[in-house]
Amino acid sequence: MTTDPNKKSMRTFQCRDVLWESFEQLARDLECSVDYLVNESMKQYVRQRQQGPRTPFPTASTGENPQLGITGTMRPIAPQGPAIRPARPVAPPLAPPFAPPPMPAMPTAPQARIFPTPPPPSEHAPPPVIPRAAAAPALPNAAQVLVVYYAGQTFPVTKDRFIIGRGKHATDLRLADPNVSRQHAMVELSAEGAAIVDLDSTNGVEFAGERVKRRIIQTGDLYILCGHELRFEYQWPPA
């Protein structure tokens with residue numbers, strides 16, 4: 001009667017817990033079962049014993065198995081189907097062959113633009129209309145006198161440089177207000193007429209809600225200097 005060498009039966013053996021944990025860790029790394037590792041280790045050990053000189057078993061010490069010479073826990077080894085061998089590494093997929101970038105399209109020469117020839121001028125066509133420039137405002141009569149109305153009083157402008165400001169000296173119309181500069185503005189008489197000029201004051205001169213630097217004065221104009229209203233009128237001198 002012959003014994004089948006591939007037959008597997010339930011066996012138990014004793015080993016140290018550290019060794020069994022090492023087998024479990026190695027089995028996880030190799031992706032196989034602990035039974036497969038233990039069987040392979042025993043096969044290698046048997047081959048080495050059969051090929052080389054035999055060595056005696058180590059002497060049993062206190063608390064060890066006198067037959068096996070080791071201490072530990074009984075570990076069952078049972079056949080559990082075919083052994084799970086380590087998975088082979090899968091080679092990475094081959095990279096696609098290199099494809100050269102497409103060649104840029106050659107620029108085409110711009111096509112010449114053809115403009116239609118204008119028709120010849122007609123003999124009966126009317127002449128083109130030329131826009132006229134806006135007429136300048138009519139200046140007052142040279143014989144008239146410019147008068148400033150402020151706080152119920154009238155101040156005729158009889159000088160080429162009529163100074164308006166807060167200063168007590170060198171001013172022709174004084175505005176007693178700390179917000180008004182010492183020489184705030186002036187009325188300048190020239191060939192083109194009378195104009196109000198801002199003398200780089202801090203709060204400026206306002207007309208119709210906007211700050212002005214220089215402006216020709218028209219009759220009825222109202223200018224504001226730090227809240228003070230100055231109204232200008234052209235009048236005929238008394239006979």
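What percentage of the 239 residues of the protein count as buried? In this predicted model, the share that counts as buried is 23%. The secondary structure comes to 2 helices and 13 strands, and the protein exposes about 19300 Å², of which carbon and sulfur atoms supply 58%. Among the contacts in the protein with a separation of 6 or more, 45% are accounted for by residues that stand 24 or more positions apart.

Strands of a sheet pair through backbone hydrogen bonds, and the pairing may be parallel or antiparallel. In the present model, an open sheet of 6 strands is found in the order E4-E3-E13-E12-E9-E10, and its pairing is antiparallel. The edges of this sheet are taken by strand E4 (153–157) and strand E10 (210–212), each of which has a single partner strand, so one side of each is left without a neighbour in the sheet. On average, and with direction ignored, neighbouring strands of this sheet are turned by 35° against each other. At the E4 edge, strand E3, formed by residues 145–150, is joined to E4 by 5 bridges, and the two strands run antiparallel; within this pair, Leu-146 stands opposite Val-157 in E4.

Further antiparallel pairing involves strands E5, E7 and E8. Strand E5 (residues 161–165) pairs with strand E7 (residues 185–190) in the antiparallel sense over 4 bridges, with Ile-163 placed opposite Met-186 in E7. Strand E7 also pairs with strand E8 (residues 193–198), again in the antiparallel sense, and here 6 bridges are found; Ala-185 stands opposite Asp-198 in E8. The connection between E7 and E8 is a hairpin that passes through 2 residues. Ser-190 has its place in strand E7 and, with a relative accessible area of 35%, is partly exposed. Although Ser-190 and Arg-161 are 29 residues apart along the chain, their C-alpha atoms are separated by 9.6 Å.

Two aspartates in loops illustrate how side chains are placed in the model. The loop between strand E11 (214–216) and strand E12 (222–225) contains Asp-221, which counts as buried because its relative accessibility is 8%, below the 20% that limits this class. When residues up to four places away in sequence are not counted, Asp-221 touches Phe-207, Arg-215, Ile-216, Leu-230, Arg-231 and Phe-232. With one of these residues, Arg-215, the side chain of Asp-221 makes a polar contact through the side chain, at 2.8 Å. A polar atom of the Asp-221 side chain also lies 2.6 Å from the backbone nitrogen of Gln-218.

The other aspartate, Asp-177, is found in the loop between strand E6 (173–174) and E7, and at a relative accessible area of 13% Asp-177 is likewise buried. Its contacts, with residues up to four places away in sequence left out, are to Arg-166, Cys-226 and His-228. The side chains of Asp-177 and His-228 make a polar contact of 2.8 Å, and the C-alpha atoms of these two residues, which are 51 residues apart along the chain, are separated by 9.2 Å.

Cys-226, one of the residues touched by Asp-177, lies in the loop between E12 and strand E13 (228–235). At 24% relative accessibility, Cys-226 counts as partly exposed, whereas Cys-32, with a relative accessible area of 10%, is buried. A disulfide is a covalent bond between the sulfur atoms of two cysteines; a search of the whole structure finds 0 disulfides.

The backbone of the loops was also examined. Most residues other than glycine have a negative phi. For Cys-226, however, phi is near 55°, a positive value in a residue other than glycine. A positive phi, near 55°, is also found for Ala-208, which is located in the loop between strand E9 (205–207) and E10. Ala-208 counts as exposed because its relative accessibility is 70%, which is over the 50% required.

Terms used
Residues numbered from 1 in each chain as written. Predicted model: local features only at pLDDT ≥ 70, side-chain atom pairs only at ≥ 80, totals over all residues. Heavy atoms only, no water. Buried < 20%, exposed > 50% of the residue type's maximum accessible area, 1.4 Å probe, protein only. Polar contact = N/O pair within 3.5 Å; in protein donor to acceptor, adjacent residues only side chain to side chain. Contact = heavy atoms within 4.5 Å. Pairing = 2+ DSSP bridges. Axes fitted to C-alpha atoms, helices over the stretch in contact; angles between N-to-C directions. Disulfide = S-S within 2.5 Å. Areas by Shrake-Rupley, 256 points an atom, 1.4 Å probe, with all protein chains shown as cover.
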